[in-house]
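Visitor: I'm new to this structure and would rather see one part properly than rush through everything. Please pick a spot for a close look, and build the picture outward from there.

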Amino acid sequence: MRNNIEIFETTKNKPSAAYNGYQYRKFRSNLENIITGLCISEKSKKCKGLLKTKGNCVVSEIPHSCKPDDAEIGVRKHVANIRRRVYETDESVSKIYQEEMSPHFQWG
Ligand SMILES: [Zn+2]
């Protein structure tokens, strides 16, 4: 199975990415549009995990010392998106739930 990068927004409106069971926060992007993401456990667990992406491709990766948590990422992502849309729009909650199954945020 091929792993895809999933982009979403956190409750603080910061772009984040999920890849391979890990969650990253956007750290910076350079002139070639390569975006560097740091593991969200960087501070709490002193993880050195890092992901560099261009478009939807991973260009390089530094392995994690923390453990992946797919379930937690999925929940956090959907809760964040749904909460924001319910708050900002008049769309029905069930419609929002459906659409959130296919993430469409860009993190560039
Ligand atoms: Zn990590």
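Guide: Let's start at N33, which counts as exposed because it has 10 C-beta neighbours inside 10 Å. The cut-offs go like this: a residue is buried if 20 or more other C-beta atoms lie within 10 Å of its own, exposed if 12 or fewer, and partly exposed in between, with the C-beta atoms placed from the backbone. Before we go on, keep in mind that this is a predicted model: local features need pLDDT of at least 70 and side-chain atom pairs count only at pLDDT 80 or more, while totals for chains, interfaces and linings use all residues. Residue numbers run from 1 along each chain as its sequence is written.

N33 is found in the loop between strand 3 and strand 4. Its phi is near 60°, a positive value in a residue other than glycine. When I say strand or helix, I mean a DSSP run, numbered from the N terminus: E with at least two residues for a strand, H or I with at least four for a helix.

Now look at what flanks that loop. Strand 3 covers residues 22-29 and strand 4 covers residues 34-39, and they pair in the antiparallel sense over 5 bridges. Two strands pair if DSSP finds at least two bridges between them. One bridge to look for joins S29 to its partner I35 in strand 4.

Walk back along the chain and you reach another turn. Strand 2 and strand 3 form a hairpin with 2 residues between them, and N20 sits in that turn with a positive phi of about 60°. Like N33, N20 is a residue other than glycine. With 14 C-beta neighbours inside 10 Å, N20 counts as partly exposed. Strand 2 and strand 3 pair in the antiparallel sense over 4 bridges, and Y19 has Y22 in strand 3 as its bridge partner.

One strand further back, strand 1 and strand 2 pair in the antiparallel sense, also over 4 bridges. Here E6, found in strand 1, has A18 in strand 2 as its bridge partner. E6 is partly exposed because 18 other C-beta atoms lie within 10 Å. E6 and N56 are 50 residues apart in sequence, yet their C-alpha atoms are 8.6 Å apart in space.

Let's go the other way from N33, past strand 4. S41 lies in the loop between strand 4 and strand 5 (50-54). It is partly exposed, since 19 other C-beta atoms lie within 10 Å. If we leave aside neighbours within four places in sequence, S41 is in contact with C47 and C66; a contact here means that the C-beta atoms, placed from the backbone, lie within 7 Å. The C-alpha atoms of S41 and K67, 26 residues apart along the chain, are separated by 9.4 Å.

Strand 5 then pairs with strand 6 in the antiparallel sense over 5 bridges. K52 stands opposite S60 in strand 6. The hairpin of these two strands has 2 residues between them, and G55 takes a positive phi near 60°.

Put the pairings together and you get an open sheet of 6 strands in the order 1-2-3-4-5-6, with antiparallel pairing. Its edge strands are strand 1 (6-9) and strand 6 (57-62), each pairing on one side only.

There's also a nonpolar core to find, meaning a set of buried Ala, Val, Leu, Ile, Met, Phe, Trp, Tyr and Cys residues joined through C-beta atoms within 7 Å. The largest has 9 residues: I7, F8, A17, A18, Y22, Y24, C39, I40 and L51. Strand 1, strand 2 (15-19) and strand 3 each supply at least two residues of this core. A18 and Y22 have come up already, as the bridge partners of E6 and Y19.

Finally, step back to the whole protein chain. Its secondary structure comes to 2 helices and 6 strands, following the pattern β-β-β-β-β-β-α-α along the sequence. Buried residues make up 17% of its 108 residues. Of the contacts with a separation of 6 or more, residues 24 or more positions apart account for 38%.

Conventions:
Two residues are in contact if their C-beta atoms, placed from the backbone, lie within 7 Å.
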